[in-house]
Each structure stands twice: as C-alpha cells, then as structure tokens.
Amino acid sequence: MQPVSIELRNVTKVFGGNVKAVDDVSLTLEPGHLVTLLGPSGSGKTTILRAIAGFEEITSGEILVAGNRIENVPTHRRQLGMVAQDYALFPHMTVHDNLRFGITTSRRARRETARISPVEMNNRIGSMLELVGLDGYGSRRPQQLSGGQKQRVALARALVTEPRVLLLDEPFAALDKHLREQLQLEVRRVQQQVGITTVFVTHDQGEALSMSDRIAVLRDGKVEHYGTPSEVYDHPLTSFVAGFVGRTNILHGEVAGVRNGLVEVGLEGAQIDVSSDQSGLSVGDRISVLVRPEQITIENAGVPAGSENRILGTILKSVYFGDRFDVTVQTSAGVVVANIMRRSATYHGLEPGESVWIAFHPSAIALAPGS
Amino acid sequence: MTAPRRPWWAFLRTRRVPTVVIGLAPAVILLTGMFLLPLIQLVTMSFADDYRNPTTVFTLENYVEIFTRAYHLESLVGSLAVSTTSMAAAAVVGYPVAYYLVHSTSKYKSLILLATISPLLTSIVVRGIGWLILLGENGVANQVMLTVGIIDEPVRLLYNFGAVIVGEVNILLPFMVLSIMTSLGQIPRSLTDNAAVLGATASQRFLRITLPLSAPGLVSGAVLVFILAMGSYVTPKMLGGGMVKVVTMDIYSRMLVDFNWPLGAALAVITMLLTLSILLILSRVQARLIGNVRL
C-alpha cells in the first residue's frame with residue numbers, strides 16, 4: 001500500500017464547554033513518516049490521536065488522510081492500525097485469532113468480498129508474526145505472553161490489516177527500561193520496513209528523539225514546535241520546548257545589539273554573543289538564552305579568555321554519573337548546569353566553592369522569546 | 001521450680017495451628033451442622049420405604065413413584081419450565097439494563113440502579129399482591145386496556161404461566177443485572193475501541209468482544225436466577241393460582257399435607273440434581289464461549 005499523508009487543519013477540541021484540550025492545531029504528516037506528538041499530560045497529544053482514530057469528535061477543524069476529510073467517517077472505516085498502551089489484545093482469542101479478527105473485519109469494512117482461502121489467511125498471519133519475531137506463537141493466549149510479546153502481537157495485529165495509518169498510543173509505557181529500548185528500535189524497524197505513516201504519542205522525550213522523523217511538541221493543546229528531532233533538540237523555538245526535550249539551562253536577558261547573524265545578549269553581569277538568523281529582534285527585547293548542559297565547558301578561572309562566551313561563577317555541587325559529572329555553577333546570570341564528560345580534560349578538581357569560567361560557543365545557543 | 005501450667009487454650013497460640021484453620025472453623029462448624037448433616041439425612045431419607053418410620057429399609061420405591069406418576073413429573077417439568085423461562089427472560093431484559101448502567105454517564109443512572117434493585121427491598125408476598133392488583137380481572141392493566149380500547153372485555157392476565165414468569169423476573173432481575181454489570185464493568189474500553197480500529201462495526205464489536213467477555217456475568221446471573229426460581233414457592237402459588245404446578249408445591253404437600261417425608265425427600269434430591277446439572281451445562285457453555293479468561 002502506498003504511504004499516505006495526514007493533515008490536521010485548525011483542529012480544535014473543547015471538552016465540557018470551556019476546556020480546550022486541542023487548540024487550533026495544524027500539522028502535516030508526510031507519507032511514510034513517523035511523527036511523534038510529544039508533551040506532558042494534558043497537552044492534548046492523546047486527544048489528537050483519539051480524534052484521528054475517531055474515538056473523539058473534534059469541535060472544529062479538518063482531518064485529512066490522503067487528501068480526504070475523515071471527520072465524518074466512522075472509526076471502523078478509517079483503515080487504521082493501533083497499538084494501545086494496554087495493548088488491548090482480545091483475551092478470549094488466541095494470538096492467531098486476534099490477528100484473524102482484524103483481517104476479517106477490516107476486509108468487510110472495505111467491502112472486499114473476494115474469498116480469502118484458509119491457506120492465504122494462515123500465510124498472512126504467519127508472515128506478520130514472523131515480522132515481529134513471534135514465529136510459532138499463534139496458538140498462545142494473551143495471558144500466556146510477557147509484556148514485550150503482547151506488545152509485538154498488538155503491533156502485528158495493527159499491521160496485518162494493511163492499514164493506511166498506524167497509531168501508537170504510549171505503547172512502551174508499561175515495559176521496563178531495557179525491553180523498552182529494544183522494542184523502540186524494533187517498532188521503528190518494522191514501521192520503516194512497512195513504510196506506513198505513523199502517529200506516535202508519548203511523553204518520553206528520549207523515545208521521541210530516537211524514533212521520529214518529525215516531532216510535534218505540544219503544550220496546553222497548542223503545537224510549540226514541529227520539526228525534525230535535531231531541530232527540536234538543537235534549535236528549540238521556545239523555552240518550554242528546550243526544557244521539555246532534554247535538559248536545558250535557561251538564562252534571561254535583553255537584546256543588547258544585533259549585527260549580521262550575531263545577537264548580543266546582555267545577561268545579569270555578563271554579555272554573550274549568540275549566532276542567530278532570527279529576524280525581528282531589536283535592542284531592548286526581553287529574551288531567553290537556552291544552552292544545553294553538554295554544550296558547556298568549564299575552565300579554570302585563571303585561564304585567559306578565548307573566543308567563546310564566558311561567564312564567571314562558583315561551583316555549587318558536582319554529581320558523579322559514571323560517564324560524566326553534572327556540575328552546578330552559580331553565576332551572576334543564574335544557576336547553570338554543565339555535563340562534563342569524564343574523558344574531558346577539565347573534569348579534574350571540580351570541587352564545590354571553586355571559582356570557574358563556564359564557556360559555550362555562540363552557535364551552541366538557542367534564543368526564545370523572553371518571559 | 002516447675003514450669004508454669006499451660007492454659008487449656010494454649011494450643012490456639014501455637015504456631016502449629018494455622019490461622020486459616022481457626023478462621024474457617026466457625027463457618028465449617030456451621031455448614032457441617034446446619035447444611036451437610038441435614039443434607040445427608042435428606043438423601044438417606046429419600047431411600048426409606050416407610051414414611052411413618054422414615055429410617056427403615058433401603059428402597060428405590062420413592063424414585064420409581066416420582067418417575068411413574070404424571071403428577072410428580074408434571075411438577076418437575078413445571079419447575080424446569082418456570083426456571084429456564086425466567087432465566088432466559090431475566091437475561092434478555094437484564095442485559096440492556098446492565099449495559100446501560102455500566103456505560104451511561106447520565107445523572108439518572110443511580111436512580112435507575114436503585115429502581116432495578118428495589119424489588120429486593122420488599123417482601124415477596126407484598127410484591128405478589130402488587131401483581132394481583134395490577135393484573136387482576138378488574139386490575140389496573142385491564143382497566144387501562146379497556147379505556148384505551150385495545151380490548152372489549154377484561155382478559156385473563158393472572159393465574160397462568162406468563163403471570164408466574166412476570167412475577168419471577170420482577171423478583172430475580174436484580175441478581176441478573178448486578179451480575180452482568182460486574183462482568184461488563186471489567187471489560188476495558190480499549191478492547192472495543194481497538195476492535196473498531198480493526199474495522200469491526202458496532203454489532204461485530206458487541207457480538208465478538210463484549211458479549212463473550214461478559215459471559216461470566218451472564219452465566220453467574222443465570223445460575224442465580226435459575227436456582228432461586230427452582231426454589232420459589234410463593235410467586236408460583238400466588239400468581240399461578242394452582243394452574244402452574246411446580247415441584248416446591250409438590251414437596252410441600254408431600255411433607256406437610258401427606259406427611260410422606262421420604263417421597264418429599266426424593267423430590268428434593270431430584271430437584272437438587274436438576275439444578276446441579278443446569279449449573280454444569282451453563283459453566284460448560286461459558287468455557288466453550290471464551291475459555292479460561294481473566295480480565
């Protein structure tokens with residue numbers, strides 16, 4: 001099946017008359033892409049997924065799949081596949097019958113009347129189970145499977161109907177860390193192999209970064225940032241995005257000057273340069289400076305100034321994490337956390353009370369409208 | 001110096017008597033004394049030959065009598081008919097009510113639940129009288145139908161099989177509804193949602209997901225209704241008016257009118273076996289439907 005696009009146009013969902021769960025959201029999902037709706041609970045990500053599934057009627061706006069509006073198409077005719085958080089396997093059916101259920105009902109929903117022979121049926125189910133690595137589990141009951149196996153069956157059942165869109169509703173939430181990482185890779189592999197447009201809902205930013213083609217970061221029903229994982233991580237559009245996707249230091253300041261591709265920002269007791277092609281900034285604007293902890297290096301206070309931005313500070317604490325130290329530094333511009341890899345030369349002698357420079361490159365910083 | 005004397009109840013404190021034994025003791029004693037021993041006596045009595053001296057020789061006479069006399073067979077068949085019909089009617093009437101009560105978000109939900117279980121709050125006799133007033137020759141139902149013009153003269157609504165079923169279902173419906181509700185409430189919404197995603201229509205979702213998964217509640221409700229209907233006496237008597245013969249009346253007459261206790265005991269034993277076999281059949285049906293499923 002040819003991958004299809006999904007488009008949300010000004011989708012709004014109001015609950016109980018005044019609670020806007022989804023607020024004028026417009027997104028375009030390219031065919032074959034895995035797009036993650038990322039956000040904290042209450043951000044509207046699940047509501048959007050449920051609206052695409054047809055479990056929830058939207059208050060206004062349009063949802064298009066392959067260019068056709070689907071708001072008035074009942075769920076069972078939308079040709080979807082879904083993996084729910086609890087997997088929703090039918091407990092009274094074997095794994096084989098769970099898959100078969102989907103094949104027969106979806107064929108009927110598409111008004112396909114050509115008979116499907118038992119041999120073909122078994123082949124389809126068998127090859128799908130093989131794809132998710134559950135060869136020979138057809139006769140098991142869901143209760144006899146582990147969490148990871150249930151998840152694979154749910155994925156197989158979702159895909160065996162050859163849907164146009166795959167919906168993943170926090171499918172890894174109930175799994176332990178190790179299994180979760182393994183299945184993330186596997187779901188991604190299967191998704192790319194099948195080439196199906198996928199909507200993935202999660203509140204786990206790590207999951208979002210490692211699996212997605214695009215990430216939509218949601219907050220209070222609005223899209224704060226829609227972009228590739230590296231765009232969202234390296235150039236977050238807002239301080240909320242920076243804080244939610246990975247950890248970040250947020251420093252508040254004021255624009256002190258703008259000159260070709262470089263913005264000078266005045267912080268409390270320091271001035272820094274930021275590479276930015278952002279237009280519309282003028283001197284005096286309140287602005288947030290976003291710096292990732294791993295972009296910061298720490299230098300001894302005695303070292304002479306280099307080309308990088310530097311702020312003087314005092315080490316508050318230093319926490320050991322095996323591969324790195326998290327060093328908290330009190331500066332005049334605020335408290336800053338830096339990740340110092342153990343391999344790096346500067347990690348020695350980071351004792352609380354020590355006076356140090358924190359340094360970061362102008363291109364390692366993102367700007368967001370100040371608060 | 002001698003060791004202090006252990007009190008007689010010291011064994012209760014030793015760890016050798018598991019707490020579960022102590023905990024179960026009252027129930028075991030009560031059930032053995034009040035249920036198991038009388039049951040054994042009942043079965044023994046059903047094989048006695050002389051009803052004036054109900055512990056004599058072993059004989060099958062009473063059972064032969066029951067299976068050769070049309071009267072007894074009629075009462076057994078009557079009971080089975082009343083019970084199975086009540087069971088089926090309660091299931092058909094109760095399922096939609098239970099489904100509504102589980103899934104509705106209406107504010108009248110609790111009111112409807114209260115109305116459903118209200119028959120349990122009054123005595124069977126009072127409810128029987130209520131139905132007599134409603135269904136009598138000059139009762140409310142006939143008056144209404146006459147006024148509206150559906151009928152020209154009063155019809156006979158009482159003292160027939162239908163009246164007994166109406167009365168039984170009225171009394172036993174709460175058991176059915178509550179038991180189906182328990183099962184329905186345990187089916188996760190995500191199952192039917194996912195079935196819809198897979199292309200299942202509303203009726204497919206109901207027939208292939210909801211109904212089979214609510215079978216445990218349906219079956220336990222059916223078992224309760226069947227057992228209670230098999231043992232009912234007042235309702236068939238009041239609303240059947242002698243036109244509907246049931247085995248409880250037969251047992252009552254044999255034991256308290258004829259004083260033929262062995263025959264009454266044999267009837268009771270057969271009733272018990274019939275009930276047990278229905279129970280077995282129903283649990284088989286459930287296993288066939290969904291296997292051994294825990295939600």
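This is a guided tour of a predicted model, stop by stop, through chain A, its contact with chain B, and chain B itself.

**Stop 1: strand β7 of chain A**

Select residues 165-169 of chain A, which form strand β7. Are these residues buried or exposed? Five of the five are buried, so the strand is largely enclosed by the rest of the structure. Now colour the two faces separately. In a regular strand, side chains alternate between the two faces of the sheet. On one side of β7(A) sit Val165(A), Leu167(A) and Asp169(A). Leu166(A) and Leu168(A) are on the other side. Every one of these residues is buried, and both faces of β7(A) are covered.

**Stop 2: the partners of β7(A)**

Add residues 80-83 of chain A, strand β6. This strand pairs with β7(A) in the parallel sense, over four bridges. To find one position in the pairing, pick Val83(A); its bridge partner in β7(A) is Leu168(A).

Next, add residues 197-202 of chain A, strand β8. Here five bridges make the link to β7(A), and the two strands run parallel. Label Leu166(A) and look across: Thr198(A) in β8(A) stands opposite. How does the chain get from β7(A) to β8(A)? Show residues 177-194 of chain A, helix α5. The path goes through this helix, and the β-α-β crossover is right-handed.

**Stop 3: the sheet at the start of chain A**

Go to strands β2, β1, β4 and β5 of chain A, an open sheet of four strands. The order is β2-β1-β4-β5, and the pairing is antiparallel. Which strands stand at the edges? They are β2 (19-29) and β5 (68-69) of chain A. Each has a single partner strand, so one side of each is left without a neighbour in the sheet.

Zoom in on β1(A), residues 6-15. Seven bridges hold its antiparallel pairing with β2(A). Select Val14(A) and Lys20(A) as a marker: they are bridge partners, with Lys20(A) in β2(A).

**Stop 4: the five-stranded sheet of chain A**

Select β13, β12, β11, β14 and β20 of chain A. They make an open, antiparallel sheet in the order β13-β12-β11-β14-β20. At the edges are β13 (270-275) and β20 (365-369) of chain A. A single partner strand serves each, so each has one side without a neighbour in the sheet. Turn the view to follow the twist, which averages 45 degrees from one strand to the next.

Then isolate β14(A), residues 286-291, with β20(A). The two run antiparallel and share five bridges. Ser288(A) faces Ala368(A) of β20(A) across this pairing.

**Stop 5: where the chains touch**

Bring chain B into view. The contact takes 21 residues from each of chain A and chain B. On the chain A side, β6 and α2 (95-109) are the elements that give two or more residues. Helix α2(A) gives the most, with six residues. What kinds of residue make up this side of chain A? Ten are nonpolar, nine polar and two charged.

**Stop 6: chain B**

Hide chain A. Chain B has 13 helices and zero strands. Its C-alpha atoms fill a box of roughly 90 × 55 × 35 Å along the principal axes. The radius of gyration is 25 Å, well over the 19 Å that the globule rule gives for 295 residues, so chain B is more spread out than a compact globule. Colour by burial: 33% of its 295 residues count as buried. Finally, draw the contacts between residues at least 6 apart in the sequence of chain B; 74% of them join residues at least 24 apart.

Key:
Residues numbered from 1 in each chain as written. Chains lettered and ligands numbered in written order. Predicted model: local features only at pLDDT ≥ 70, side-chain atom pairs only at ≥ 80, totals over all residues. Buried ≥ 20, exposed ≤ 12 C-beta atoms within 10 Å, placed from the backbone. Pairing = 2+ DSSP bridges. Right-handed = clockwise from strand over helix to strand, strands pointing away. Contact = placed C-beta atoms within 7 Å. Nonpolar A, V, L, I, M, F, W, Y, C, P; charged D, E, K, R; others polar. Rg over C-alpha atoms; globule rule 2.2 N^0.38 Å. Axes fitted to C-alpha atoms, helices over the stretch in contact; angles between N-to-C directions.
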